[in-house]
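Visitor: Hi, could you walk me through the charged pairs in this protein?
Guide: Sure, here it comes.

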Amino acid sequence: MADKLIIFDTTLRDGEQSPGASMTKDEKLRIARQLERLRVDVIEAGFPASSNGDFEAVTAIANAIKESTVCGLSRANDRDISRAAEALKGATSGRIHTFIATSPLHMEKKLRMSPDEVFEQAKLAVRFARNLVGDVEFSPEDGYRSDVDFLCRVLEAVIHEGATTINVPDTVGYAIPELYGNFIKTLRERIPNSDKAIWSVHCHNDLGMAVANSLAGVKIGGARQVECTINGLGERAGNCSLEEIVMAVKTRKDYFDLDLGIDTRHILAASRMVSQTTGFVVQPNKAVVGANAFAHASGIHQDGVLKARDTYEIMRAEDVGWTANKIVLGKLSGRNAFKQRLQELGVAMESEADINAAFSRFKELADRKSEIFDEDILALVSAEEHSHVAEQFGFVSLSQHSETGERPQARIVFTVHGKEVTSESDGNGPVDASLKAIEAQVKSGAEMVLYSVNAISGSTESQGEVTVRLQNAGRVVNGVGADPDIVVASAKAYLSALNKLQSQAESVAAQG
Ligand code: KIV
Ligand code: ZN
(Lines give C-alpha, C1' and ligand atoms only; values in the text may rest on other atoms or scores of the structure.)
(Ligands and ions follow the chains in the order given, each with its own letter.)
Protein backbone atom coordinates (compact mmCIF):
# COMPACT_ATOMS: atom_id res chain seq x y z
CA MET A 1 0.00 0.00 0.00
CA ALA A 2 1.22 3.53 -0.84
CA ASP A 3 2.12 5.91 2.00
CA LYS A 4 -0.25 8.76 2.75
CA LEU A 5 0.82 12.36 2.21
CA ILE A 6 -0.62 14.54 4.98
CA ILE A 7 -1.94 17.89 3.77
CA PHE A 8 -1.49 20.59 6.41
CA ASP A 9 -3.24 23.80 5.42
CA THR A 10 -1.99 27.04 6.93
CA THR A 11 -4.13 29.56 4.99
CA LEU A 12 -5.64 30.79 8.25
CA ARG A 13 -2.24 31.26 9.94
CA ASP A 14 0.71 31.75 7.56
CA GLY A 15 -1.64 32.85 4.74
CA GLU A 16 -3.29 35.40 6.98
CA GLN A 17 0.13 36.87 7.82
CA SER A 18 0.19 38.35 4.32
CA PRO A 19 -0.27 42.13 4.79
CA GLY A 20 -3.93 42.98 4.23
CA ALA A 21 -5.16 39.37 4.36
CA SER A 22 -6.45 39.45 7.92
CA MET A 23 -9.84 37.79 8.35
CA THR A 24 -12.66 38.02 10.87
CA LYS A 25 -13.62 35.09 13.09
CA ASP A 26 -16.69 34.32 10.94
CA GLU A 27 -14.65 34.45 7.74
CA LYS A 28 -12.08 32.08 9.23
CA LEU A 29 -14.75 29.71 10.41
CA ARG A 30 -16.31 29.61 6.96
CA ILE A 31 -12.95 28.89 5.33
CA ALA A 32 -12.19 26.22 7.96
CA ARG A 33 -15.48 24.49 7.10
CA GLN A 34 -14.53 24.55 3.43
CA LEU A 35 -11.12 23.08 4.27
CA GLU A 36 -12.85 20.31 6.22
CA ARG A 37 -15.09 19.61 3.24
CA LEU A 38 -11.92 19.47 1.13
CA ARG A 39 -10.76 16.81 3.63
CA VAL A 40 -7.60 18.62 4.57
CA ASP A 41 -5.81 16.51 7.22
CA VAL A 42 -4.64 19.38 9.44
CA ILE A 43 -5.97 22.94 9.57
CA GLU A 44 -3.61 25.44 11.18
CA ALA A 45 -6.30 27.77 12.47
CA GLY A 46 -4.16 30.57 13.85
CA PHE A 47 -1.71 31.75 16.47
CA PRO A 48 -3.80 32.00 19.66
CA ALA A 49 -1.31 34.01 21.73
CA SER A 50 -0.98 36.69 19.06
CA SER A 51 -4.29 38.45 19.84
CA ASN A 52 -7.65 37.87 21.53
CA GLY A 53 -9.25 37.79 18.10
CA ASP A 54 -7.02 34.96 16.95
CA PHE A 55 -7.57 33.08 20.21
CA GLU A 56 -11.33 33.29 19.70
CA ALA A 57 -11.08 32.25 16.05
CA VAL A 58 -8.98 29.17 16.91
CA THR A 59 -11.40 28.30 19.74
CA ALA A 60 -14.41 28.56 17.41
CA ILE A 61 -12.73 26.46 14.72
CA ALA A 62 -11.58 23.84 17.26
CA ASN A 63 -15.18 23.52 18.48
CA ALA A 64 -16.73 23.35 15.00
CA ILE A 65 -14.39 21.09 13.02
CA LYS A 66 -14.75 17.35 13.48
CA GLU A 67 -13.03 15.68 10.53
CA SER A 68 -9.67 17.49 10.41
CA THR A 69 -7.05 17.98 13.11
CA VAL A 70 -7.05 21.61 14.27
CA CYS A 71 -3.65 23.11 15.00
CA GLY A 72 -2.59 26.25 16.89
CA LEU A 73 0.81 27.90 16.47
CA SER A 74 2.86 29.04 19.44
CA ARG A 75 6.33 30.39 20.02
CA ALA A 76 8.49 28.17 22.19
CA ASN A 77 7.41 29.55 25.56
CA ASP A 78 4.98 28.36 28.23
CA ARG A 79 2.57 31.27 27.89
CA ASP A 80 2.06 30.83 24.13
CA ILE A 81 1.80 27.07 24.46
CA SER A 82 -0.76 27.26 27.30
CA ARG A 83 -2.80 29.74 25.27
CA ALA A 84 -2.77 27.39 22.26
CA ALA A 85 -3.78 24.42 24.45
CA GLU A 86 -6.59 26.48 25.94
CA ALA A 87 -7.91 27.47 22.48
CA LEU A 88 -7.77 23.85 21.32
CA LYS A 89 -9.60 22.42 24.37
CA GLY A 90 -12.79 21.69 22.42
CA ALA A 91 -11.08 20.07 19.42
CA THR A 92 -11.90 16.50 18.45
CA SER A 93 -8.27 16.24 17.40
CA GLY A 94 -5.92 19.09 18.36
CA ARG A 95 -2.26 19.81 17.66
CA ILE A 96 0.17 22.34 19.12
CA HIS A 97 2.77 23.63 16.68
CA THR A 98 5.68 25.26 18.48
CA PHE A 99 8.66 26.90 16.82
CA ILE A 100 11.93 28.69 17.47
CA ALA A 101 14.51 29.98 15.02
CA THR A 102 17.70 27.92 14.60
CA SER A 103 19.69 29.70 11.86
CA PRO A 104 22.80 31.63 13.02
CA LEU A 105 21.34 34.84 11.58
CA HIS A 106 17.98 34.55 13.34
CA MET A 107 19.46 33.36 16.66
CA GLU A 108 21.99 36.16 16.81
CA LYS A 109 20.13 39.09 15.26
CA LYS A 110 16.47 38.35 16.05
CA LEU A 111 16.40 36.23 19.20
CA ARG A 112 19.74 37.41 20.62
CA MET A 113 20.17 33.95 22.05
CA SER A 114 23.09 31.54 21.93
CA PRO A 115 22.66 28.17 20.19
CA ASP A 116 22.73 26.43 23.60
CA GLU A 117 19.92 28.65 24.88
CA VAL A 118 17.85 27.90 21.77
CA PHE A 119 18.54 24.18 22.19
CA GLU A 120 17.29 24.26 25.81
CA GLN A 121 14.24 26.36 25.00
CA ALA A 122 13.20 24.06 22.13
CA LYS A 123 13.44 21.02 24.40
CA LEU A 124 11.52 22.64 27.25
CA ALA A 125 8.81 23.91 24.89
CA VAL A 126 8.16 20.48 23.39
CA ARG A 127 8.22 18.85 26.85
CA PHE A 128 5.70 21.42 28.13
CA ALA A 129 3.43 21.03 25.06
CA ARG A 130 3.54 17.23 25.25
CA ASN A 131 2.21 17.41 28.80
CA LEU A 132 -0.83 19.24 27.45
CA VAL A 133 -1.59 17.41 24.17
CA GLY A 134 -0.48 14.20 22.50
CA ASP A 135 0.08 15.72 19.06
CA VAL A 136 3.00 18.19 18.99
CA GLU A 137 4.72 19.62 15.94
CA PHE A 138 8.08 21.37 16.18
CA SER A 139 9.54 23.76 13.59
CA PRO A 140 13.07 25.14 13.57
CA GLU A 141 12.31 28.49 11.95
CA ASP A 142 14.67 29.33 9.08
CA GLY A 143 15.60 25.66 9.34
CA TYR A 144 16.94 25.44 5.80
CA ARG A 145 19.58 28.12 6.52
CA SER A 146 20.59 26.49 9.82
CA ASP A 147 23.84 24.68 10.52
CA VAL A 148 23.10 21.03 9.82
CA ASP A 149 25.01 19.69 12.87
CA PHE A 150 23.19 22.06 15.21
CA LEU A 151 19.86 21.27 13.58
CA CYS A 152 20.43 17.52 14.00
CA ARG A 153 21.17 18.10 17.69
CA VAL A 154 17.99 20.16 18.23
CA LEU A 155 15.71 17.86 16.25
CA GLU A 156 17.00 14.70 17.93
CA ALA A 157 16.34 16.32 21.32
CA VAL A 158 12.80 17.48 20.53
CA ILE A 159 11.86 14.07 19.10
CA HIS A 160 13.18 12.60 22.34
CA GLU A 161 10.88 15.01 24.23
CA GLY A 162 7.92 13.70 22.25
CA ALA A 163 7.51 15.85 19.12
CA THR A 164 5.37 13.80 16.75
CA THR A 165 5.93 15.91 13.62
CA ILE A 166 9.14 17.68 12.59
CA ASN A 167 8.61 20.47 10.11
CA VAL A 168 11.60 21.98 8.28
CA PRO A 169 10.74 25.49 7.04
CA ASP A 170 12.43 27.27 4.19
CA THR A 171 11.22 30.47 5.85
CA VAL A 172 12.69 32.89 3.32
CA GLY A 173 12.18 30.85 0.14
CA TYR A 174 15.92 30.39 -0.47
CA ALA A 175 15.96 26.68 -1.29
CA ILE A 176 16.51 24.90 -4.61
CA PRO A 177 14.53 21.67 -5.12
CA GLU A 178 17.39 19.16 -5.27
CA LEU A 179 19.26 20.81 -2.38
CA TYR A 180 16.17 21.04 -0.18
CA GLY A 181 15.21 17.42 -0.90
CA ASN A 182 18.71 16.28 0.04
CA PHE A 183 18.69 18.46 3.16
CA ILE A 184 15.61 16.64 4.48
CA LYS A 185 17.15 13.30 3.48
CA THR A 186 20.38 14.11 5.37
CA LEU A 187 18.48 15.11 8.51
CA ARG A 188 16.44 11.92 8.44
CA GLU A 189 19.54 9.78 7.88
CA ARG A 190 21.68 11.45 10.52
CA ILE A 191 19.18 11.77 13.36
CA PRO A 192 19.07 8.42 15.20
CA ASN A 193 15.40 8.70 16.32
CA SER A 194 14.13 10.31 13.08
CA ASP A 195 11.77 7.39 12.47
CA LYS A 196 9.78 8.36 15.61
CA ALA A 197 8.37 11.47 13.90
CA ILE A 198 6.58 12.38 10.69
CA TRP A 199 8.69 14.74 8.56
CA SER A 200 7.10 17.80 7.09
CA VAL A 201 8.05 20.47 4.54
CA HIS A 202 7.11 24.16 4.69
CA CYS A 203 8.33 26.25 1.76
CA HIS A 204 7.95 29.90 0.88
CA ASN A 205 7.77 31.07 -2.70
CA ASP A 206 10.25 33.94 -2.92
CA LEU A 207 12.04 32.38 -5.90
CA GLY A 208 8.86 30.80 -7.29
CA MET A 209 9.93 27.32 -6.20
CA ALA A 210 7.77 26.61 -3.12
CA VAL A 211 5.82 23.80 -4.81
CA ALA A 212 8.91 22.33 -6.53
CA ASN A 213 10.88 22.44 -3.27
CA SER A 214 8.05 20.79 -1.33
CA LEU A 215 7.77 18.03 -3.93
CA ALA A 216 11.54 17.45 -3.71
CA GLY A 217 11.25 17.29 0.08
CA VAL A 218 8.66 14.56 -0.40
CA LYS A 219 10.33 12.62 -3.20
CA ILE A 220 14.02 12.91 -2.28
CA GLY A 221 13.71 13.64 1.43
CA GLY A 222 10.89 11.26 2.31
CA ALA A 223 8.69 13.92 3.97
CA ARG A 224 5.11 12.77 4.50
CA GLN A 225 3.48 16.09 5.36
CA VAL A 226 3.31 19.22 3.21
CA GLU A 227 2.38 22.63 4.62
CA CYS A 228 0.56 24.78 2.11
CA THR A 229 -2.11 27.44 1.60
CA ILE A 230 -5.06 27.92 -0.73
CA ASN A 231 -3.98 30.00 -3.76
CA GLY A 232 -0.46 30.00 -2.29
CA LEU A 233 -1.57 32.88 -0.03
CA GLY A 234 1.16 34.09 2.30
CA GLU A 235 3.62 36.80 3.16
CA ARG A 236 5.74 38.26 0.32
CA ALA A 237 5.50 35.81 -2.63
CA GLY A 238 3.40 33.41 -0.55
CA ASN A 239 3.55 29.78 0.51
CA CYS A 240 3.41 26.47 -1.33
CA SER A 241 0.01 26.34 -3.03
CA LEU A 242 -2.33 23.59 -1.87
CA GLU A 243 -4.09 23.14 -5.20
CA GLU A 244 -0.80 22.78 -7.10
CA ILE A 245 0.85 20.35 -4.72
CA VAL A 246 -2.29 18.22 -4.42
CA MET A 247 -2.89 18.04 -8.15
CA ALA A 248 0.79 17.33 -8.85
CA VAL A 249 0.81 14.37 -6.47
CA LYS A 250 -2.55 13.11 -7.74
CA THR A 251 -1.87 13.59 -11.46
CA ARG A 252 1.64 12.07 -11.20
CA LYS A 253 0.76 9.18 -8.89
CA ASP A 254 2.87 7.08 -11.25
CA TYR A 255 5.91 9.03 -9.98
CA PHE A 256 5.12 9.92 -6.36
CA ASP A 257 3.16 6.78 -5.46
CA LEU A 258 1.42 8.51 -2.56
CA ASP A 259 -2.20 8.54 -1.39
CA LEU A 260 -4.05 11.72 -0.50
CA GLY A 261 -7.17 12.18 1.61
CA ILE A 262 -8.22 15.33 -0.29
CA ASP A 263 -11.57 15.60 -2.08
CA THR A 264 -10.27 17.67 -4.97
CA ARG A 265 -13.77 18.56 -6.23
CA HIS A 266 -13.90 21.29 -3.57
CA ILE A 267 -10.66 22.98 -4.60
CA LEU A 268 -12.16 25.69 -6.80
CA ALA A 269 -14.77 26.71 -4.22
CA ALA A 270 -12.01 26.98 -1.60
CA SER A 271 -9.90 29.09 -3.94
CA ARG A 272 -12.79 31.44 -4.69
CA MET A 273 -13.73 31.72 -1.04
CA VAL A 274 -10.20 32.65 0.02
CA SER A 275 -9.75 35.11 -2.82
CA GLN A 276 -13.08 36.78 -2.18
CA THR A 277 -12.55 36.96 1.57
CA THR A 278 -9.05 38.39 1.46
CA GLY A 279 -9.28 40.46 -1.73
CA PHE A 280 -6.22 38.65 -3.14
CA VAL A 281 -7.23 38.09 -6.75
CA VAL A 282 -6.18 34.85 -8.48
CA GLN A 283 -4.20 35.50 -11.66
CA PRO A 284 -5.97 34.12 -14.79
CA ASN A 285 -3.08 31.84 -15.75
CA LYS A 286 -2.65 30.39 -12.24
CA ALA A 287 -2.35 26.59 -12.36
CA VAL A 288 -5.50 24.62 -11.45
CA VAL A 289 -7.67 27.54 -10.22
CA GLY A 290 -6.93 30.40 -12.65
CA ALA A 291 -9.74 31.39 -15.04
CA ASN A 292 -7.65 30.18 -18.00
CA ALA A 293 -6.38 26.97 -16.39
CA PHE A 294 -8.68 24.82 -18.51
CA ALA A 295 -9.51 27.28 -21.31
CA HIS A 296 -8.26 26.34 -24.74
CA ALA A 297 -8.01 29.43 -26.90
CA SER A 298 -5.90 28.26 -29.80
CA GLY A 299 -7.74 26.59 -32.65
CA ILE A 300 -5.35 23.62 -32.70
CA HIS A 301 -5.86 22.97 -29.00
CA GLN A 302 -9.65 23.33 -29.22
CA ASP A 303 -9.74 20.91 -32.11
CA GLY A 304 -7.58 18.41 -30.20
CA VAL A 305 -9.63 18.67 -27.00
CA LEU A 306 -12.87 18.16 -28.91
CA LYS A 307 -11.51 15.00 -30.53
CA ALA A 308 -9.98 13.59 -27.37
CA ARG A 309 -9.60 15.65 -24.18
CA ASP A 310 -6.34 14.08 -23.09
CA THR A 311 -4.56 15.47 -26.16
CA TYR A 312 -4.08 18.71 -24.22
CA GLU A 313 -5.62 18.13 -20.77
CA ILE A 314 -3.69 16.31 -18.05
CA MET A 315 -6.38 16.89 -15.42
CA ARG A 316 -10.15 16.94 -15.67
CA ALA A 317 -11.63 20.35 -14.91
CA GLU A 318 -14.51 18.76 -13.03
CA ASP A 319 -12.09 16.95 -10.71
CA VAL A 320 -11.12 20.29 -9.18
CA GLY A 321 -14.65 21.70 -9.14
CA TRP A 322 -14.89 23.62 -12.40
CA THR A 323 -18.24 22.20 -13.41
CA ALA A 324 -19.69 23.60 -10.23
CA ASN A 325 -19.09 26.97 -11.90
CA LYS A 326 -22.54 27.10 -13.45
CA ILE A 327 -25.51 29.40 -13.15
CA VAL A 328 -26.93 28.27 -9.87
CA LEU A 329 -29.84 30.54 -9.09
CA GLY A 330 -31.95 33.27 -10.64
CA LYS A 331 -34.83 35.64 -10.02
CA LEU A 332 -37.35 32.83 -9.70
CA SER A 333 -35.36 30.73 -7.24
CA GLY A 334 -37.05 30.31 -3.89
CA ARG A 335 -35.81 30.52 -0.34
CA ASN A 336 -35.32 26.75 -0.07
CA ALA A 337 -33.12 26.60 -3.16
CA PHE A 338 -31.13 29.51 -1.78
CA LYS A 339 -30.78 27.85 1.63
CA GLN A 340 -29.66 24.57 0.04
CA ARG A 341 -27.07 26.37 -2.08
CA LEU A 342 -25.73 28.06 1.07
CA GLN A 343 -25.33 24.63 2.65
CA GLU A 344 -23.59 23.27 -0.45
CA LEU A 345 -21.22 26.23 -0.30
CA GLY A 346 -20.41 25.44 3.33
CA VAL A 347 -22.02 28.61 4.64
CA ALA A 348 -23.55 28.04 8.06
CA MET A 349 -25.93 30.84 9.03
CA GLU A 350 -26.67 31.19 12.71
CA SER A 351 -30.44 31.74 12.51
CA GLU A 352 -33.46 31.75 10.21
CA ALA A 353 -33.45 35.55 10.53
CA ASP A 354 -29.94 35.66 9.04
CA ILE A 355 -31.03 33.43 6.16
CA ASN A 356 -34.02 35.70 5.55
CA ALA A 357 -31.82 38.79 5.50
CA ALA A 358 -29.35 37.15 3.07
CA PHE A 359 -32.28 35.92 0.94
CA SER A 360 -33.69 39.42 0.62
CA ARG A 361 -30.26 40.70 -0.48
CA PHE A 362 -30.21 37.85 -2.98
CA LYS A 363 -33.63 38.90 -4.35
CA GLU A 364 -32.46 42.51 -4.70
CA LEU A 365 -29.43 41.31 -6.64
CA ALA A 366 -31.49 38.93 -8.80
CA ASP A 367 -33.67 41.88 -9.83
CA ARG A 368 -30.59 43.59 -11.24
CA LYS A 369 -28.73 40.55 -12.55
CA SER A 370 -30.39 37.59 -14.24
CA GLU A 371 -27.76 34.93 -13.52
CA ILE A 372 -26.52 34.44 -9.98
CA PHE A 373 -23.29 32.47 -9.55
CA ASP A 374 -21.73 30.93 -6.45
CA GLU A 375 -19.33 33.87 -6.27
CA ASP A 376 -22.29 36.29 -6.11
CA ILE A 377 -23.77 34.31 -3.24
CA LEU A 378 -20.49 34.27 -1.34
CA ALA A 379 -20.11 38.03 -1.86
CA LEU A 380 -23.55 38.74 -0.52
CA VAL A 381 -23.10 36.43 2.45
CA SER A 382 -19.91 38.20 3.31
CA ALA A 383 -21.70 41.58 3.05
CA GLU A 384 -24.47 40.20 5.28
CA GLU A 385 -21.91 39.11 7.90
CA HIS A 386 -20.32 42.55 7.92
CA SER A 387 -23.71 44.18 8.41
CA HIS A 388 -23.84 42.51 11.87
CA VAL A 389 -20.60 43.95 13.05
CA ALA A 390 -20.96 47.34 14.67
CA GLU A 391 -18.78 48.96 12.03
CA GLN A 392 -17.87 52.60 12.04
CA PHE A 393 -18.67 53.32 8.38
CA GLY A 394 -21.54 51.95 6.27
CA PHE A 395 -22.52 52.57 2.66
CA VAL A 396 -25.96 54.13 2.02
CA SER A 397 -26.16 55.54 -1.52
CA LEU A 398 -24.14 57.12 -4.29
CA SER A 399 -24.80 59.25 -7.33
CA GLN A 400 -22.22 60.42 -9.76
CA HIS A 401 -22.07 62.27 -13.03
CA SER A 402 -19.50 61.82 -15.75
CA GLU A 403 -19.46 63.01 -19.32
CA THR A 404 -16.73 63.16 -21.95
CA GLY A 405 -14.79 66.39 -21.56
CA GLU A 406 -16.26 67.17 -18.10
CA ARG A 407 -14.67 66.55 -14.70
CA PRO A 408 -16.68 63.76 -12.96
CA GLN A 409 -18.62 64.62 -9.80
CA ALA A 410 -19.80 62.26 -7.03
CA ARG A 411 -22.18 62.63 -4.12
CA ILE A 412 -22.13 59.90 -1.49
CA VAL A 413 -24.21 59.20 1.59
CA PHE A 414 -22.68 56.92 4.22
CA THR A 415 -23.02 56.32 7.93
CA VAL A 416 -20.50 57.15 10.63
CA HIS A 417 -21.43 55.24 13.81
CA GLY A 418 -24.99 54.94 12.46
CA LYS A 419 -25.40 58.65 11.64
CA GLU A 420 -25.79 59.59 7.96
CA VAL A 421 -23.36 62.04 6.40
CA THR A 422 -23.30 63.38 2.84
CA SER A 423 -20.19 64.38 0.98
CA GLU A 424 -19.34 65.57 -2.52
CA SER A 425 -16.20 65.78 -4.58
CA ASP A 426 -14.89 65.85 -8.10
CA GLY A 427 -12.09 63.60 -9.33
CA ASN A 428 -10.19 62.24 -12.31
CA GLY A 429 -12.90 59.64 -12.86
CA PRO A 430 -16.14 58.64 -11.09
CA VAL A 431 -14.31 56.21 -8.77
CA ASP A 432 -11.71 58.80 -7.84
CA ALA A 433 -14.45 61.39 -7.20
CA SER A 434 -16.40 58.96 -4.98
CA LEU A 435 -13.42 57.92 -2.87
CA LYS A 436 -12.29 61.54 -2.54
CA ALA A 437 -15.79 62.42 -1.33
CA ILE A 438 -15.47 59.77 1.42
CA GLU A 439 -11.98 60.87 2.35
CA ALA A 440 -13.07 64.53 2.51
CA GLN A 441 -15.26 63.59 5.50
CA VAL A 442 -13.24 60.80 7.12
CA LYS A 443 -9.76 62.36 6.74
CA SER A 444 -8.07 58.99 7.42
CA GLY A 445 -4.84 60.09 5.76
CA ALA A 446 -4.37 56.48 4.62
CA GLU A 447 -2.34 55.80 1.50
CA MET A 448 -3.96 53.63 -1.17
CA VAL A 449 -1.41 50.99 -2.19
CA LEU A 450 -3.65 48.87 -4.40
CA TYR A 451 -6.92 49.26 -6.27
CA SER A 452 -8.22 46.39 -8.40
CA VAL A 453 -11.50 45.53 -10.11
CA ASN A 454 -12.48 42.03 -11.05
CA ALA A 455 -15.66 40.88 -12.82
CA ILE A 456 -16.95 38.20 -10.44
CA SER A 457 -18.37 35.97 -13.13
CA GLY A 458 -16.63 37.21 -16.23
CA SER A 459 -19.21 39.27 -18.18
CA THR A 460 -20.31 42.92 -18.22
CA GLU A 461 -23.52 41.85 -16.52
CA SER A 462 -21.53 40.44 -13.62
CA GLN A 463 -20.87 42.10 -10.28
CA GLY A 464 -17.67 44.05 -10.07
CA GLU A 465 -15.57 43.01 -7.11
CA VAL A 466 -13.22 45.74 -5.99
CA THR A 467 -10.25 45.40 -3.66
CA VAL A 468 -8.78 48.47 -2.01
CA ARG A 469 -5.57 48.14 -0.01
CA LEU A 470 -4.85 50.96 2.43
CA GLN A 471 -1.76 51.60 4.47
CA ASN A 472 -1.65 53.77 7.54
CA ALA A 473 0.78 54.00 10.45
CA GLY A 474 2.53 50.77 9.45
CA ARG A 475 -0.70 48.80 9.08
CA VAL A 476 -1.99 47.38 5.80
CA VAL A 477 -5.61 46.33 5.27
CA ASN A 478 -7.66 45.11 2.33
CA GLY A 479 -11.28 46.12 1.84
CA VAL A 480 -13.50 44.24 -0.59
CA GLY A 481 -16.80 45.47 -2.07
CA ALA A 482 -19.08 43.91 -4.66
CA ASP A 483 -21.89 45.44 -6.71
CA PRO A 484 -23.04 45.40 -10.34
CA ASP A 485 -22.08 49.11 -10.35
CA ILE A 486 -18.29 49.24 -10.01
CA VAL A 487 -18.31 52.80 -8.64
CA VAL A 488 -20.57 51.62 -5.80
CA ALA A 489 -18.38 48.51 -5.36
CA SER A 490 -15.36 50.82 -5.06
CA ALA A 491 -17.02 52.98 -2.43
CA LYS A 492 -18.03 49.88 -0.45
CA ALA A 493 -14.49 48.49 -0.67
CA TYR A 494 -13.03 51.79 0.52
CA LEU A 495 -15.41 51.96 3.49
CA SER A 496 -14.67 48.32 4.34
CA ALA A 497 -10.92 49.04 4.34
CA LEU A 498 -11.47 52.09 6.58
CA ASN A 499 -13.48 49.91 9.00
CA LYS A 500 -10.61 47.43 9.17
CA LEU A 501 -8.09 50.20 9.75
CA GLN A 502 -10.16 51.45 12.68
CA SER A 503 -10.84 48.08 14.25
CA GLN A 504 -7.85 45.85 13.61
CA ALA A 505 -6.34 44.92 16.95
CA GLU A 506 -2.61 44.91 17.31
CA SER A 507 -1.32 41.38 16.96
CA VAL A 508 2.06 39.76 17.39
CA ALA A 509 3.59 38.58 14.12
CA ALA A 510 4.67 34.94 14.26
CA GLN A 511 8.01 35.58 12.67
CA GLY A 512 8.50 39.15 13.84
O1 KIV B 1 8.00 30.04 7.59
C2 KIV B 1 8.14 29.67 8.76
O3 KIV B 1 9.25 29.48 9.26
C4 KIV B 1 6.94 29.51 9.57
C5 KIV B 1 7.13 28.84 10.89
C6 KIV B 1 6.44 29.58 11.99
C7 KIV B 1 6.68 27.42 10.78
O8 KIV B 1 5.86 29.82 9.15
ZN1 ZN C 1 5.94 30.13 6.94
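Guide: Let's chat about salt bridges and where their partners sit.

Guide: This is a predicted model, so to speak of local features we need pLDDT of at least 70, with side-chain atom pairs counted only at pLDDT 80 or more, while totals for chains, interfaces and linings use all residues. Residues are numbered from 1 along each chain as its sequence is written, and side-chain values use heavy atoms, leaving out hydrogens and water.

Visitor: How many salt bridges are there?
Guide: The count is 37 salt bridges, each being a side-chain nitrogen of Lys or Arg within 4 Å of a carboxyl oxygen of Asp or Glu.

Visitor: Which residue does Arg 13 pair with?
Guide: Glu 44, with the closest N and O atoms 2.9 Å apart. Arg 13 is in helix α1 (residues 11-15) and Glu 44 in strand β3 (residues 42-46), so the bridge ties together parts 31 residues apart in sequence. Helices (H or I, at least four residues) and strands (E, at least two) are DSSP runs, numbered from the N terminus.

Visitor: Is Glu 44 buried or exposed?
Guide: Buried, at 0% relative accessible area, and Arg 13 is buried too, at 6%. Buried means under 20% relative accessible area, exposed over 50%, and partly exposed in between (1.4 Å probe, protein chains only).

Visitor: New topic: what does Lys 369 pair with?
Guide: Asp 376, their closest N and O atoms being 2.9 Å apart. Lys 369 is buried at 1%, and Asp 376 is buried at 0%.

Key: Chains are lettered from A and ligands numbered from 1 in the order in which they are written.
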